[in-house]
Amino acid sequence: MRKILSLVLVGFAFSAAVAQKSSAPPTPPTHSNGPARLSMVAMIDLPGRPAFDAAAFANNFIVVSQTGANTIDVFDPKKRRLVAQVTNIAQPRDIAVDAKNNRIYVATANSTIAVVSSQDWEVKDSFSVDGSVDVLALSADGVRLYVGDKTASTVTAVDTSLRKSIGSAKLTGRPEAIAIGDGGIVYVSVQDGAMIVGLDPQMKVVGQFRLQGSLPSGMVYDSASRRLYVAVRAGVLAINADNGTEVARVTAPRGVESLSFDPSSHLLFAAGGGSVISISTAGGLSSLDELLAEVKGHTLVYDPSRKLLFLPGGREGRSKMLIVKDLSQGAPQEPAAAEAKLR
């Protein structure tokens, strides 16, 4: 009887151990498809506590808004170090680059936009707008600056010469990202509305594209294919910019929100959810690779000349710049991934 009881107890313990092991969350793979195409190159220390909002290329430098430190950090991708810092910028958020006039516009607190020179990295001017300044996008000619206000759910067009509003549109939700298409059409991802809204140059709504995916955030426009690429809760979608139909999709880590597109190589890069991913846009959307990021960050910049990704973020309470190499150049394109249902 004791032997039978012992066998029962041993079997019970074994079953419990198996059940516990099977219920444990699986370790996510570092690379999602085939050979590694993303590789970590370096992790550079940055000053201040990690609280980054946006990053962009300006005059061959990477500019990063450090919201918590009230600074704009200027990082040299060639020397791989910080070379300048714009201080006393009140809670800097998004950044719009005017390459033609060597300046950047920085969204700050108190309904103010700071104008910073991308040559000597000094604040040259500032001007106020109505409402909160959260999201920025600049027209290709540098004439119009589009300002998204998440609190008021509006997008306003500002004349950069007159420094005043020339039109505004009321949305049904929070503007999360702004992309400028052909013909002066402005596309806005509305996060809590799960849609993309199209605005004409008079700031009139000319299209509302409902998305099969929640919490749209980062968005870029490809003029060659006339497609919008938008990050949603657990994936990236390709949307026909003319009629709003979904062309393709790939799954991505939950929390993905920042996109960077290289039209010359048809490569799309995304960050968020603890990962950096690369996607081919040739003929559809297909995942190339996923690299677990060693920093917590949600914004990234791609340098096509060096084929490097730069991801500012935090690690153990310290500010870092993660540098990732893109190894996929010249590799054969993979077939478009099968559509995946997003929750």
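**Aromatic pairs**

I went through this predicted model for paired aromatic rings and counted five pairs. I looked at two of them in detail.

The rings of Phe61 and Trp121 meet edge-to-face. I noted 5.9 Å from centre to centre and 85 degrees between the planes. I then checked where the two residues sit. Phe61 belongs to strand S3, residues 61–66, while Trp121 is in the loop between strand S8 (112–117) and strand S9 (123–128). The two are 60 residues apart in sequence, so this pair ties together separate parts of the chain.

I also looked up how covered each ring residue is. Phe61 has 21% relative accessibility and counts as partly exposed, because the limit for buried is under 20%. Trp121, at 11%, counts as buried.

The other pair I looked up is Tyr187 with Tyr221. Their planes stand at 20 degrees and their ring centres are 6.0 Å apart, so I entered the pair as stacked. For this label the planes must be under 30 degrees apart. Tyr187 lies in strand S15, residues 186–190, and Tyr221 in strand S18, residues 219–222. This pair, too, links distant parts of the chain, with the two positions 34 residues apart in sequence. Tyr187 is buried, at 4% relative accessible area. Tyr221 is buried as well, at 14%.

**The largest nonpolar core**

Next I listed the largest nonpolar core, which has 16 residues. The members that touch the most others are Val220, Tyr229, Val236, Leu259, Leu268, Ile279 and Leu285. I asked which strands supply at least two residues each. They are S19 (227–232), S20 (235–240), S21 (246–251), S22 (256–262), S23 (267–272) and S24 (275–280). The most comes from S22, which gives three residues.

I picked Ile279 and looked up its contacts, leaving aside neighbours within four places in sequence. Ile279 is in contact with Val236, Leu268 and Leu285, and these three also appear among the core members that touch the most others. The remaining contacts of Ile279 are Val250, His266, Leu267, Ser286 and Leu288.

**The sheet with S27**

I then turned to an open sheet of four strands, in the order S1-S28-S27-S26, with antiparallel pairing. Which strands stand at its edges? They are S1 (38–45) and S26; each has a single partner strand, so one side of each is left without a neighbour in the sheet. On average, neighbouring strands of this sheet are turned by 30 degrees against each other, direction ignored.

Strand S27 covers residues 308–315, and seven of its eight residues are buried. I followed its pairing on both sides.

Towards S26 (residues 301–303), S27 is joined by three bridges, and the two strands run antiparallel. One bridge partner I noted is Leu309 in S27, for Tyr302. The hairpin of S26 and S27 has four residues between the strands, and Lys307 there takes a positive phi near 55 degrees.

Towards S28 (residues 318–326), I found eight bridges, again antiparallel. Pro312 has Met321 as its bridge partner in S28, and Gly314 has Ser319. Two residues lie between the strands in the hairpin of S27 and S28. In that hairpin, Glu316 takes a positive phi near 55 degrees.

Definitions and conventions. Residues are numbered from 1 along each chain as its sequence is written. This is a predicted model: local features need pLDDT of at least 70, side-chain atom pairs count only at pLDDT 80 or more; totals for chains, interfaces and linings use all residues. Side-chain values use heavy atoms; hydrogens and water are left out. A nonpolar core is a set of buried Ala, Val, Leu, Ile, Met, Phe, Trp, Tyr and Cys residues joined through side-chain atoms within 4.5 Å. Buried means under 20% relative accessible area, exposed over 50%, partly exposed in between (1.4 Å probe, protein chains only). Contact means heavy atoms within 4.5 Å. Rings of Phe, Tyr and Trp (its six-membered ring) pair if their centres lie within 6.5 Å; planes under 30 degrees apart count as stacked, over 60 as edge-to-face and the rest as tilted. Two strands pair if DSSP finds at least two bridges between them. Axes are lines fitted to C-alpha atoms, for helices over the stretch in contact, and angles run from 0 to 180 degrees between N-to-C directions.
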